[in-house]
Amino acid sequence: LPRADDFPFFDIAPNNDCPAPSNPLGVKGAGEAGTTPATSALVGAVVDALRPYGVTHIETPVSSEKIFRAIRKGAG
């Protein structure tokens, strides 16, 4: 499984210059925005790595068994 030290460093900084006008606190509901595409990116990387074996799609959650089955099915 991927670990945190397998990923590049992300330089993040708050941007308080443009508060949301739709609520009194000026907050924006995008707390999950950074995590939502992460799963898709990782699954895409798995599919790219398995493409030489004929794999073009794999469902989440990705497990070693699913990878093995996808390789067997793609090679068949």
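## A quick tour of a two-helix model

Helix α1 supplies five residues to the lining of the largest pocket, and that is the largest share. Keep in mind that this is a predicted model. The protein has two helices and zero strands, and buried residues make up 11% of its 76 residues. Let's go through the pocket, the first helix, the loop and a few individual residues.

**The largest pocket**

- The volume of the largest pocket comes out at about 220 Å³.
- Two elements, α1 and α2 (64-75), each give two or more residues to the lining of this pocket.
- If you want to find the pocket on the structure, look for its lining residues: Leu1, Pro2, Thr39, Leu42, Val43, Ala45, Val46, Thr60, Val62, Ser63, Ser64 and Ile67.
- What kinds of residues make up the lining of the largest pocket? Sorted by class, eight are nonpolar, four are polar and no charged residues appear.

**Helix α1 and its two sides**

- Helix α1 covers residues 36-50, and its buried residues are Val43, Val47 and Leu50.
- Looking down the axis of α1, you'd see these buried residues fall within an arc of 65°, so they line one face of the helix.
- Turn to the face of α1 that points away from the buried side, and you'll meet the exposed residues Ala41 and Ala49.
- Val43 has two roles here: it is one of the buried residues of α1, and it is also among the residues lining the largest pocket.
- Ser40 also sits in helix α1. Is Ser40 buried or exposed? Its relative accessibility is 52%, and the cut-off for exposed is over 50%, so Ser40 counts as exposed.
- Ser40 and Thr60 are 20 residues apart along the chain, and their C-alpha atoms are separated by 9.0 Å.

**The loop between the helices**

- Thr60 is joined to Pro61 by a cis peptide bond, with omega at about -5°.
- Pro61 belongs to the loop between α1 and α2. Its partner in that cis bond, Thr60, is among the residues that line the largest pocket.
- Thr56 is in the loop between α1 and α2 as well. Thr56 counts as exposed because its relative accessibility is 60%.
- Which residues does Thr56 touch, leaving aside those up to four places away in sequence? They are Val47 and Arg51. Val47 is one of the buried residues of α1, so here an exposed residue touches a buried one.
- Thr56 and Ala70 are 14 residues apart along the chain, with 8.8 Å between their C-alpha atoms.

**Helix α2**

- Arg69 has its place in helix α2. With a relative accessible area of 55%, Arg69 is exposed.
- Arg69 and Ile58 are 11 residues apart in sequence, and in space they are 9.8 Å apart, C-alpha to C-alpha.
- α2 runs over residues 64-75, a range that takes in Ser64 and Ile67, both of which line the largest pocket.

**Asn23, before the first helix**

- Asn23 is found in the segment before α1. Its relative accessibility is 24%, so Asn23 counts as partly exposed.
- Which backbone nitrogen does the side chain of Asn23 reach at 2.7 Å? That is the backbone nitrogen of Gly26.
- A polar atom of the Asn23 side chain also lies 3.1 Å from the backbone nitrogen of Leu25.

**The contacts overall**

- Take the contacts in the protein with a separation of 6 or more: residues 24 or more positions apart account for 6% of them.

Terms used. Residues are numbered from 1 along each chain as its sequence is written. This is a predicted model: local features need pLDDT of at least 70, side-chain atom pairs count only at pLDDT 80 or more; totals for chains, interfaces and linings use all residues. Side-chain values use heavy atoms; hydrogens and water are left out. Buried means under 20% relative accessible area, exposed over 50%, partly exposed in between (1.4 Å probe, protein chains only). Helices (H or I, at least four residues) and strands (E, at least two) are DSSP runs, numbered from the N terminus. The arc is that of the directions from the helix axis to the C-beta atoms. A polar contact is a pair of N or O atoms within 3.5 Å; within protein, one must be able to donate a hydrogen and the other to accept it, and residues adjacent in sequence count only if both atoms are side-chain atoms. On a 1 Å grid over the protein atoms alone, a cavity is a set of points where a 1.4 Å probe fits but cannot get out, and a pocket is an open set with protein on both sides within 12 Å along at least five of seven lines; lining residues have an atom within 4 Å of a point. Grid points are joined across faces, edges and corners, and a volume is the space filled by probe spheres set on the points. Ala, Val, Leu, Ile, Met, Phe, Trp, Tyr, Cys and Pro count as nonpolar, Asp, Glu, Lys and Arg as charged, and the others, Gly among them, as polar. Contact means heavy atoms within 4.5 Å.
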